[in-house]
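Let's take a walk through this one together, a stop at a time. Keep the viewer open and follow along.

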Amino acid sequence: MDFSLSMEQEILRNSVRDFAENEIKPVARELDEKETFSYDTMRKMAALGLFGMFVSEKYGGQGMDYISYAIATEEIARVDGSHAATVAAGNSLGIGPLYYFGSEEQKQKYLPKLCSGEALWGFGLTEPDAGSDASNSKTTAVLDGDQWVINGSKIFITNASTKLTSGVTSLCRTGTREDGRPELSCILVEAGTPGFEAREMHGKLMWRASNTSELYFDDCRVPDENMLGPRGNGFHQMMQTLDGGRLSIGAMGLGGAQGCYDLALKYSRERTQFGKPISNFQVNAFKLADMALEIECARLILYKACWLRDQQKPFGKEAAMAKLHCSEVMYRCANHAVQLHGGYGLMKEYDVERFYRDQKLLEIGEGTSEVQRIVISRLIGAL
Amino acid sequence: MNIIVCLKQVPDTESQIKIGSDGVSIVTDDIKWVMNPYDEFGVEEALKLKEKFGGEVTVVGLGPKRVTESIRTALAMGADKGVLVTDDALEGSDALATAKAIAAAIKDLEYDVIFTGQRGVDDDQGLVGAAVAELLDIPQLSLITKVEVAEDGNTVKVERPIEGETLVIESSLPALITAQKGLNEPRYASLPGIMKAKKKPLEEKSLGDLGLDASEFGADARKLKILELTPPPAREAGKIVEGETPQEKAAELAKLLHEEAKVL
Ligand SMILES: Cc1cc2nc3c(=O)[nH]c(=O)nc-3n(C[C@H](O)[C@H](O)[C@H](O)COP(=O)(O)OP(=O)(O)OC[C@H]3O[C@@H](n4cnc5c(N)ncnc54)[C@H](O)[C@@H]3O)c2cc1C
Ligand SMILES: Cc1cc2nc3c(=O)[nH]c(=O)nc-3n(C[C@H](O)[C@H](O)[C@H](O)COP(=O)(O)OP(=O)(O)OC[C@H]3O[C@@H](n4cnc5c(N)ncnc54)[C@H](O)[C@@H]3O)c2cc1C
């Protein structure tokens with residue numbers, strides 16, 4: 001067993017960490033407060049090569065493995081959840097389905113700009129009445145000659161209404177299967193198509209500098225060739241995308257937990273009460289020890305799940321475990337970090353306040369913690 | 001234009017430094033090693049010159065195998081080739097011996113400009129650059145914050161800040177320039193750069209390969225000996241300046257700076 005990272009992975013971590021510290025950290029608090037997506041940091045992240053990480057060079061990607069992708073996401077999340085969301089959703093949810101299921105033509109058409117970060121792409125699965133129960137999608141697409149006519153709406157779609165967004169993948173009912181259940185297919189809808197509108201959502205508790213949208217389809221017509229992969233494979237494609245996406249949410253949990261720990265350790269060693277640094281009180285030292293331990297374990301499960309994927313071995317169970325565990329580890333770490341900061345941890349001046357809020361999404365997005373437990377229970381044969 | 005950048009690996013300035021039981025070295029177990037920040041300025045400036053004039057950037061590092069990671073980082077930033085001078089006999093060498101080995105590794109390469117950091121942030125001696133220039137018998141331009149190579153590539157104009165003024169120096173090339181903070185903003189190693197760096201050549205050279213006599217290197221051959229390392233004194237409590245109004249406080253502060261701290 002070899003736990004060492006490759007030299008490239010070490011260099012990647014150092015470079016992305018420096019980048020995050022110098023370019024994102026100084027603006028993260030203000031962007032969160034103003035609830036704005038930053039085109040400036042987006043451009044810088046794109047220039048660093050944070051989009052198309054696992055895509056082959058042929059389509060303008062970096063050709064890196066999944067562990068590298070996790071490391072880069074982790075390092076951005078160590079500093080800010082919103083920016084990590086832009087990167088993780090951009091790669092796993094935007095680029096992923098096009099790369100893994102798109103035709104050669106679709107890949108040539110869309111991937112180069114998505115991999116250079118000049119464009120972003122949304123992943124439209126969730127609907128107002130179909131969240132955890134995603135197969136209950138109500139959005140319909142009806143074939144009219146050589147065009148699909150789409151009607152319906154989606155909600156909470158990341159990266160879908162930025163000025164850079166070039167389109168979305170939308171899960172639609174395209175008919176009824178032989179067994180009577182709805183036939184679900186993924187259809188690509190380009191930004192600017194008449195009848196399609198993406199509206200930015202405001203008032204989020206967390207990820208306030210990440211772009212979240214509602215999508216509206218009103219007799220929106222797209223050509224037949226915008227079908228992603230074979231008709232009727234939509235739900236399967238979406239679930240496979242989420243298996244990979246869970247690794248990036250796991251990386252966000254791990255990175256966020258590390259960020260909380262680093263801030264809490266520093267603060268606890270500097271803050272003096274009763275004549276000594278508060279880290280010298282055993283109750284606080286134990287909190288920090290627990291955080292260090294939990295982060296170490298979270299990193300092991302996440303990297304193992306990524307490794308399984310890189311080895312082309314089944315990784316669905318481990319991905320669900322990593323997503324679930326890393327987001328719950330961040331929950332505990334953010335809680336400890338705020339506690340160790342005392343009253344200051346409740347103020348926006350201290351970054352732990354933002355981590356505490358940003359954490360909550362990780363237990364909800366891309367399958368809630370309950371859904372992860374359902375997935376794991378099924379895979380171990382309990383449900 | 002061919003450019004050489006000398007690179008040292010140093011403990012990350014964020015690392016907690018502990019003095020070893022021998023009292024003359026630091027404990028290296030938990031240290032994160034990084035490229036000397038002043039050398040990063042050198043790498044960046046070399047890449048800028050290459051972008052303007054073409055040519056190759058070669059990174060020359062010296063030290064144990066772990067230095068490879070910093071050389072690869074420079075390659076990921078955009079340098080073309082790396083050389084690592086590595087030999088067990090180098091362990092414990094002083095600045096002059098280090099310069100001798102570096103000069104030997106450089107002397108048969110083609111170069112117009114050599115960059116080194118103005119000093120290593122670990123032992124802060126600032127000797128290697130000067131010694132390498134001397135051994136190669138080329139001009140040395142130290143503590144430089146601006147580099148302008150003439151269009152014909154034969155001369156360089158550089159700037160060194162001194163006490164609020166700027167000294168402008170012109171020199172023939174080849175020359176050795178030691179990089180000072182302010183020279184530039186080093187770029188990040190990009191993800192595509194990291195992947196490309198994998199395939200770039202990195203050669204290892206031992207003292208034997210360079211035709212050097214191992215007995216002139218290492219701890220025993222030091223001309224400078226470290227007698228003792230001591231931690232900096234613990235910071236004393238600060239002082240709150242008394243006074244009713246800002247004017248009174250300012251006057252009191254000026255008085256303290258003059259009489260107590262004796263800095264004014
Ligand atoms: C900021 C943000 C970004 C998002 N980005 C995207 C995106 O890019 N694309 C996309 O398609 N979606 C996205 N989502 C949607 C997200 O995936 C859903 O919010 C999530 O799947 C949960 O669905 P829901 O909100 O409808 O909650 P519900 O499904 O209504 O769940 C409510 C509660 O009931 C529980 N529950 C539901 N069913 C069960 C069950 N069978 N057993 C036990 N408990 C159950 C849940 O665990 C949860 O606690 C995003 C959401 C947010 C907030
Ligand atoms: C919204 C808000 C309203 C407030 N209102 C008032 C008010 O009206 N009046 C007022 O006077 N104050 C008020 N406070 C201040 C509040 O009471 C303090 O924030 C609280 O007592 C904690 O002190 P601290 O923030 O300095 O944290 P610290 O004392 O620095 O504590 C930091 C961490 O160290 C731990 N710690 C400290 N000492 C020890 C020890 N000996 N052993 C173990 N652990 C230790 C703490 O439990 C905590 O986890 C308010 C604070 C807030 C945020």
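A word on vocabulary before we start: helices and strands here are DSSP runs, numbered from the N terminus, with at least four residues for a helix and at least two for a strand. By that reckoning, Leu143(B) is found in strand 7 of chain B, residues 140-144. Keep in mind throughout that you are looking at a predicted model.

Stay with Leu143(B) for a moment, as its backbone is a bit of a curiosity. Its phi is near 55 degrees, a positive value in a residue that isn't glycine. Is Leu143(B) buried or exposed? There are 22 other C-beta atoms within 10 Å of Leu143(B), and the cut-off for burial is 20 or more, so Leu143(B) counts as buried.

Now compare another residue of chain B, Lys262(B). Its phi is also positive, near 55 degrees, and again this is not a glycine. You'll find Lys262(B) in the segment after helix 6 of chain B. Lys262(B) has 8 C-beta neighbours inside 10 Å, and with 12 or fewer counting as exposed, that is why it falls in the exposed class.

Step back from Lys262(B) to helix 6 of chain B, which covers residues 246-259. Its 14 residues reach 20 Å from the first C-alpha to the last, close to the 20 Å expected at 1.5 Å a residue. How many of the residues of helix 6 of chain B are buried? The number is 0 out of 14, so this helix lies largely in the open.

For the opposite situation, go to strand 1 of chain B, residues 3-7. This strand is mostly covered, with 5 of its 5 residues buried. As background, side chains in a regular strand alternate between the two faces of the sheet. Here both faces are covered: Ile3(B), Val5(B) and Leu7(B) are buried on one side, and Ile4(B) and Cys6(B) are buried on the other.

What does strand 1 of chain B pair with? One partner is strand 4 of chain B, residues 57-62, which runs parallel to strand 1 and is joined to it by 5 bridges. In that pairing, Cys6(B) stands opposite Val60(B). Another partner is strand 6 of chain B, residues 113-117, also parallel and joined to strand 1 by 3 bridges. There, Val5(B) stands opposite Phe115(B).

One more backbone detail in chain B: the peptide bond from Leu173(B) to Pro174(B) is cis, with omega near 0 degrees. Pro174(B) sits in the loop between strand 10 (165-172) and strand 11 (175-179) of chain B.

Next, see where chain B meets chain A. The contact takes 12 residues from chain B and 15 residues from chain A. On the chain B side, helix 2 (67-77) and helix 5 (191-197) are the elements that give two or more residues. By class, that side has 7 nonpolar, 2 polar and 3 charged residues.

Cross over into chain A, which is divided into domain 1 (7-119), domain 2 (121-233) and domain 3 (236-379). The C-alpha centres of domain 1 and domain 3 of chain A lie 20 Å apart, and 24 residues of domain 1 are in contact with 24 residues of domain 3. On the domain 1 side, helix 1 (7-34), helix 3 (66-77) and helix 4 (81-101) of chain A each supply at least two residues. The residues on that side divide into 12 nonpolar, 5 polar and 7 charged.

Two ligands round off the tour. Ligand 1 is surrounded by 21 residues, the closest being Leu125(A), Gly131(A), Ser132(A), Thr368(A) and Glu370(A). Its shell draws at least three residues from each of domain 2 and domain 3 of chain A. Which strand gives the most to the shell around ligand 1? That is strand 3 of chain A, with 3 residues. The shell around ligand 1 divides into 10 nonpolar, 9 polar and 2 charged residues.

Ligand 2 has 13 residues around it, and Gln273(A), Ile278(A), Phe281(A), Gly342(A) and Gly343(A) come nearest. Helix 7 (282-310) and helix 8 (316-341) of chain A each supply at least two residues of this shell. By class, the shell around ligand 2 has 7 nonpolar, 5 polar and 1 charged residues.

How values were computed: Residues numbered from 1 in each chain as written. Chains lettered and ligands numbered in written order. Predicted model: local features only at pLDDT ≥ 70, side-chain atom pairs only at ≥ 80, totals over all residues. Expected span 1.5 Å × (residues − 1). Near = placed C-beta within 6 Å. Nonpolar A, V, L, I, M, F, W, Y, C, P; charged D, E, K, R; others polar. Domains from an automatic or database assignment. Contact = placed C-beta atoms within 7 Å. Pairing = 2+ DSSP bridges.
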